[in-house]
Structures are given as C-alpha cells and as structure tokens.
Amino acid sequence: MYETILIPFDGSDEARKGAEHGIELAATCGATVHALYVVDLPGAPRTVYLRDDEDEMRERYREYGEEVTTEVCEMASETGLDCVTVIRTGSPGEEIVDYAKDEGVSAVVLGTAYRGRFRALLGSTAEKVVRTAEVPVVTVRERMND
C-alpha cells in the first residue's frame with residue numbers, strides 16, 4: 001500500500017504522537033520512513049543583533065533537527081524499518097508538501113494539536129499540508145485535554 005511514509009517531526013508531544021502512529025503504519029506496510037525537520041526562521045525584518053547571530057541560530061536549529069530526526073529513526077529502527085533523516089529550511093507546510101512531491105513519498109503522517117477556535121481560523125501546518133499535498137495525509141490529533 002505505502003512504500004514510503006514522511007513523518008514531519010519537531011520534537012513536540014503532538015508530533016511524537018504522529019511519529020508513533022506513522023511508524024506503526026510503516027511497520028504494517030513495510031514502508032521506509034522519512035523523518036523531516038524544517039528549520040523555520042522568521043521572515044520578518046530582524047534587528048541587527050539577530051541578523052548577526054543568524055548563522056549561529058541556524059546551526060542550533062540544524063543540530064536540534066538532527067537530534068529529533070535521529071529520534072524518529074531510532075523509533076523506526078526498533079521496529080526493523082529503514083529510515084532517512086532530512087532537514088530543510090523554509091515554511092514548514094510548504095517544505096513538507098514539496099518534499100513529499102520531490103521524493104515521491106506515498107503518504108504523510110503528522111501530529112497536530114487543538115489550538116482553539118481562533119487558531120483554527122488562521123490555519124496550521126497540518127491544515128496546509130492536508131489542503132495542498134498530492135498524497136494521502138494522516139493527522140493524529142492530540143486531545144483537547146492532553
């Protein structure tokens with residue numbers, strides 16, 4: 001059914017629930033897992049201090065991305081699955097969809113949390129992925145009381 005499953009992961013609790021579900025699905029299908037972390041630096045003008053420190057910030061985000069994608073791959077490895085780690089920079093929703101298309105992944109599995117009604121009006125990464133991805137997207141929603 002699915003040969004490759006993309007699991008976007010930022011280390012949050014809701015992302016972890018998504019990763020666990022994605023790995024279970026991949027194990028059922030014998031799919032390869034692609035663990036993706038997106039470095040999302042603000043695009044708004046920043047102070048000179050922040051611009052001077054931007055390279056250091058990017059490096060810290062990249063290191064964190066390596067840690068969390070490695071965590072997903074370790075979880076996948078425990079179930080005997082192959083796993084690829086990927087770090088991209090940009091808007092998370094766009095990068096997830098672009099990666100899925102570029103790599104021909106079979107499905108995307110990601111966690112999402114209840115953010116309240118106002119947040120729902122503005123949209124979320126999961127919503128953007130669901131609306132724009134060309135492959136099936138499974139969202140694992142964290143309960144409102146969690």
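A residue is counted as buried when its relative accessible area is under 20%. This cut-off is applied below to a predicted model, in which buried residues account for 43% of the 146 residues of the protein. The protein exposes about 8,700 Å², and carbon and sulfur atoms supply 46% of that area.

The secondary structure comprises six helices and five strands. Along the sequence these elements follow the pattern β-α-β-α-α-β-α-β-α-α-β. Contacts between residues at least 6 apart in sequence were also examined, and 78% of them join residues at least 24 apart.

The five strands form an open sheet in the order β3-β2-β1-β4-β5, with parallel pairing. The edges are occupied by β3 (83–89) and β5 (137–141); each has a single partner strand, so one side of each is left without a neighbour in the sheet. From one strand to the next, the twist averages 25 degrees. In general, strands of a sheet pair through backbone hydrogen bonds, in either a parallel or an antiparallel manner.

The strand β4 (107–112) illustrates how the cut-off for burial is used. Six of the six residues of β4 are buried, so this strand is largely enclosed by the rest of the structure. Both of its faces are covered: A107, V109 and G111 are buried on one side, and V108, L110 and T112 are buried on the other. The strand is paired with β1 through two bridges, and the two run parallel. Within this pairing, the bridge partner of I5 in β4 is A107, while L6 stands opposite V108. With β5, β4 shares five bridges, again in a parallel arrangement. The bridge partner of T112 in β5 is R141.

The residue I5 belongs to strand β1. With a relative accessibility of 0%, I5 falls under the 20% cut-off and therefore counts as buried. When neighbours within four places in sequence are left aside, I5 is in contact with G22, L25, A26, A31, T32, V33, H34, A107 and V109. Between I5 and A35, which are 30 residues apart in sequence, the C-alpha to C-alpha separation is 8.6 Å.

In soluble globular proteins, nonpolar side chains tend to be buried together. The largest nonpolar core of the model contains 26 residues, of which I5, I7, I23, V33 and V72 touch the most other members. At least two residues of this core are supplied by each of β1 (4–8), α1 (13–29), β2 (32–39), α3 (54–78) and β4 (107–112). The largest share, six residues, comes from α3. This helix lies across β1, β2 and β3 and runs at about 160 degrees to β2. For I23, the contacts beyond four places in sequence are with I7, V33, V72, M75, A76, T79 and L81. A second core, separate from the one above, has 14 residues, including V105, V108, L110 and A126.

Two loop positions were also examined. The residue D40 lies in the loop between β2 and α2 (48–52). Its relative accessible area is 42%, and D40 is therefore partly exposed, since this class covers values between the limit of 20% for buried residues and that of 50% for exposed ones. Although D40 and S91 are 51 residues apart in sequence, their C-alpha atoms are 5.9 Å apart in space. Residues up to four places away in sequence not being counted, D40 touches G90 and P92.

The second loop position, S124, is found between α5 (116–122) and α6 (125–132). With a relative accessible area of 18%, S124 is under the 20% cut-off and is therefore buried. The side chain of S124 reaches the backbone nitrogen of E127 at 3.2 Å.

Conventions: Residues numbered from 1 in each chain as written. Predicted model: local features only at pLDDT ≥ 70, side-chain atom pairs only at ≥ 80, totals over all residues. Heavy atoms only, no water. Core = buried A, V, L, I, M, F, W, Y, C linked by side-chain atoms within 4.5 Å. Buried < 20%, exposed > 50% of the residue type's maximum accessible area, 1.4 Å probe, protein only. Helix = DSSP H or I, 4+ residues; strand = E, 2+ residues; numbered from the N terminus. Contact = heavy atoms within 4.5 Å. Polar contact = N/O pair within 3.5 Å; in protein donor to acceptor, adjacent residues only side chain to side chain. Areas by Shrake-Rupley, 256 points an atom, 1.4 Å probe, with all protein chains shown as cover. Pairing = 2+ DSSP bridges. Axes fitted to C-alpha atoms, helices over the stretch in contact; angles between N-to-C directions.
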